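Reader: I am new to this structure. Please show it to me, and then let me ask about the words used for it.

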Amino acid sequence: MVKILLLLGFLAIVASLGSALFFMMRTGHDDASRGKRMARALAWRVGLSVVLFACLLLAWKLGYIQPTGLPAAR
């Protein structure tokens, strides 16, 4: 269940990044409004990234997810 929520959070981040790209590439509209919408989408992406990172740390601390235990490259 936690892994599904984390995956949905990651998909929301990618969707926000995609919408910022859409607003950046859009032509024929006022530059000021286009820039504001792109900046808002990027701000959402940053906020979602911080929340996702905090949720990952919390899930690890509470034991919902475990490290994989992969050996370090030597």
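Author: What follows is a set of short questions on terms, each with its answer.

Author: This is a predicted model, in which local features need pLDDT of at least 70, side-chain atom pairs count only at pLDDT 80 or more, and totals for chains, interfaces and linings use all residues. Numbering runs from 1 along each chain as its sequence is written, and side-chain values use heavy atoms, with hydrogens and water left out.

Reader: Why is A20 called buried?

Author: Its relative accessibility is 3%. Buried means under 20% relative accessible area, exposed over 50%, and partly exposed in between (1.4 Å probe, protein chains only). The value 3% is under 20%, so A20 counts as buried.

Reader: Where is A20 found?

Author: A20 is in helix 1. Helices are DSSP runs of H or I with at least four residues, numbered from the N terminus. The C-alpha atoms of A20 and W44 are 9.7 Å apart in space, with their positions 24 residues apart in sequence.

Reader: What makes F10 partly exposed?

Author: F10, in helix 1, has a relative accessible area of 46%. That lies between 20% and 50%, so F10 is partly exposed.

Reader: Which nonpolar patch does F10 help to form?

Author: The patch is M1, I4, L5, L7, L8, F10, L11 and V14, with about 850 Å² of accessible area together. Patch residues have over 30% relative accessible area and no salt bridge (Lys or Arg side-chain nitrogen within 4 Å of an Asp or Glu carboxyl oxygen). Nonpolar side chains (Val, Leu, Ile, Met, Phe, Trp, Tyr) are joined within 5 Å, like charges within 9 Å. Areas come from the Shrake-Rupley method with a 1.4 Å probe.

Reader: Why is V46 called partly exposed?

Author: V46 has a relative accessible area of 43%. The value falls between the two limits, so V46 is partly exposed. V46 belongs to helix 2. From V46 to L17 is 9.5 Å, C-alpha to C-alpha, and 29 residues in sequence.

Reader: How do you know that S33 is partly exposed?

Author: S33 has 33% relative accessibility. This is neither under 20% nor over 50%, so S33 counts as partly exposed. S33 is also in helix 2. Its C-alpha atom is 22 Å from that of L48, 15 residues away along the chain.

How values were computed: Helices (H or I, at least four residues) and strands (E, at least two) are DSSP runs, numbered from the N terminus.
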